[in-house]
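Grab your viewer and work through a few short exercises on the model below. Each one comes with a solution, so try it yourself before reading on.

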Amino acid sequence: MSHSVLYIPSVFNRPENEKSEKPLLGFVKSDFTWPLLFMLSMALVGLRFYPAFLFALAIILKRFREDRYDFVIMLMMLFGNFGLMRADILHIKMQDIALVSGTVLAVIMRKPPLLRKMLCIYAVYAVILFWIALQSWESMRVQLVVLRYYYSFIVVFVPIAAFANRSFDMNRMIRRLMVFGLTMCCFYIFDALIVKGHILLPGTFSWSGQSTFWHPVMSPFSIKPLRVYPYGMYILMLVIVAAIRTYRLPKWQWALIIVASLCTQTMTFCAGFGVMLILCQGSFRRTFRILGSIALGLVLLYGVDCLLPKYQNDVGETSSLRLKSTVDQFFMLAEAADDEEIADFGSGRMGQFIPKLDLVQHYHKEWTGLGFLHRDLSTDVRFTIVNEYYVDLANNEEVATGVEVVPFQIFISAGWLGLIVHAAFFIGLYFLIRRYRYSYIYLSMLIFCAVAGLGGFASLANYEGQALMAFAFALVILANRPQIPGFSHRDAA
């Protein structure tokens, strides 16, 4: 179904200044019907109302016949969960189905030279990581459980295959992605500010207990906003740069996006969002304007946060908006006198890393790491540590893995070699497509994942981050098929 787009007349009437403005991004109510029904069905599954899964599948099949854009987005959300349901709620991880699907399509699809180059880069990356795993004392049976998510980029073939022999319009994809993204923003605002419980986003982590269909956990009369972790907002990060480069977003859309982002109460997510917008929006004048607005906004929010009451969580005292406490951590880090004070940095995340780094150095594994360890399946006593920096000393014995800061986790698992290969893989793929239109979508996602990954979000060492990068890469390929040699005439039409 196609809808007209509102264009605003240019304010320049002289021929030498003739210039058209970007069209306003507008929608009609019917644009939201199927995305909303699908996302509500997924949320019901997340609340353990399992019959809703059949309804979600029926919607996906219907959109496969009627609208491949919706189909691909829904399939991506089904595989990645995006806060709507947990990965293991159906006792089989949808991520594994995505990996198998991508691998099968990579084998059977006809691949033009560019995709063959991409597959060769991926194969080198996969082989080196596998060789690094062989250097560990841990069994490959255990390591493959973790390592398979480092291979998640193979799902890039799923969206490409969905549009085989079908036309692709990037503007239409941007509009459909924005519909899903704005709907997700409404879900965040509803959970965080209205019911204050994980009702529409039951797949996000909850400190107050897991909601179910028969037993929702919520506090609608509480004055304190609920923190909803940002997993569901990733889909908006995928499209927002392309949207603001192609369209003018109305104020109500910006209001939804900003309020929903603040509802995550996650500094690394907001920082990734801001850095991505600043570096990739395409205009120096807008860059300085955005920088000024962000700086002013942060100063105002910091002042407000100073006035609001503090509260206790599992890592100590935290300010209400978490902005003041985040800034204060940098001052504490500069004045830190020992490892114990350094361990408190990043909401205690450095405390996860320090003893595991000591173990890497103890075994002289700086170049290849300890291996791709699993916190539950790894039983070798050589990888067991007692973490003195945890608040709960009763549960401080753990396997040397599970560091939230993604670069540190990759270093613990695969050493300097793994960290270099990991970075080279994603950067190399960008250079493969950098000359094509819309390559900034891939670059923007790489920047976002790199910054957000400092807090453990959109991790490029896990399925979510890799799938986002794969989807961004696939969008660039699909949008440029007429210019890429090797695609069939029907694909390129």
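**Exercise 1: two loop residues**

Asn-81 sits in the loop that links α3 (68-80) and α4 (94-108). Bear in mind that this is a predicted model. Your task: work out what sign phi has at Asn-81, and whether the residue is buried or exposed. Then do the phi part for Arg-48.

*Solution.*
- Start with the backbone: Asn-81 is not a glycine, yet its phi is positive, about 75°.
- Next, the surface: Asn-81 has 4% relative accessibility, so it counts as buried, the cut-off being under 20%.
- Now move to the loop between α1 (33-46) and α2 (52-66), where you'll find Arg-48.
- Arg-48 isn't a glycine either, and its phi is positive at about 70°.
- With 37% relative accessibility, Arg-48 counts as partly exposed.

**Exercise 2: a helix pair**

Take helix α5 (residues 113-134) and helix α6 (residues 140-150). Find out how they are oriented, and which residues meet.

*Solution.*
- Two packed helices are described by the angle between their axes and the distance between those axes, so get both.
- Here the axes of α5 and α6 come within 11 Å, crossing at roughly 150°.
- Angles over 145 degrees count as roughly antiparallel, so that is the label for α5 relative to α6.
- For handedness, α5 passes α6 in a right-handed crossing.
- On the α5 side, the contact uses Tyr-125, Leu-129, Phe-130, Ala-133 and Leu-134. They meet Met-140, Gln-143, Leu-144, Leu-147 and Tyr-150 of α6.
- Sort these by class and you get nine nonpolar residues, one polar and no charged ones.

**Exercise 3: hunting for disulfides**

Count the disulfides, then explain why Cys-270 has no bond to its closest cysteine sulfur.

*Solution.*
- Set the criterion: a pair of cysteine sulfur atoms must lie within 2.5 Å.
- Under that rule, the count is zero disulfides.
- Cys-185 shows how this works out: its nearest cysteine sulfur belongs to Cys-186, 6.9 Å away, and Cys-185 is in no disulfide.
- Cys-185 has 0% relative accessibility, so it counts as buried.
- For Cys-270, the closest cysteine sulfur is in Cys-263 at 9.9 Å, which is too far for a bond.
- Cys-270 comes out at 25% relative accessibility and therefore counts as partly exposed.

Terms used: Residues numbered from 1 in each chain as written. Predicted model: local features only at pLDDT ≥ 70, side-chain atom pairs only at ≥ 80, totals over all residues. Heavy atoms only, no water. Axes fitted to C-alpha atoms, helices over the stretch in contact; angles between N-to-C directions. Helix = DSSP H or I, 4+ residues; strand = E, 2+ residues; numbered from the N terminus. Parallel < 35°, antiparallel > 145°, perpendicular 65-115°, else oblique. Left-handed = near helix turned anticlockwise from the far one by under 90°. Contact = heavy atoms within 4.5 Å. Nonpolar A, V, L, I, M, F, W, Y, C, P; charged D, E, K, R; others polar. Buried < 20%, exposed > 50% of the residue type's maximum accessible area, 1.4 Å probe, protein only.
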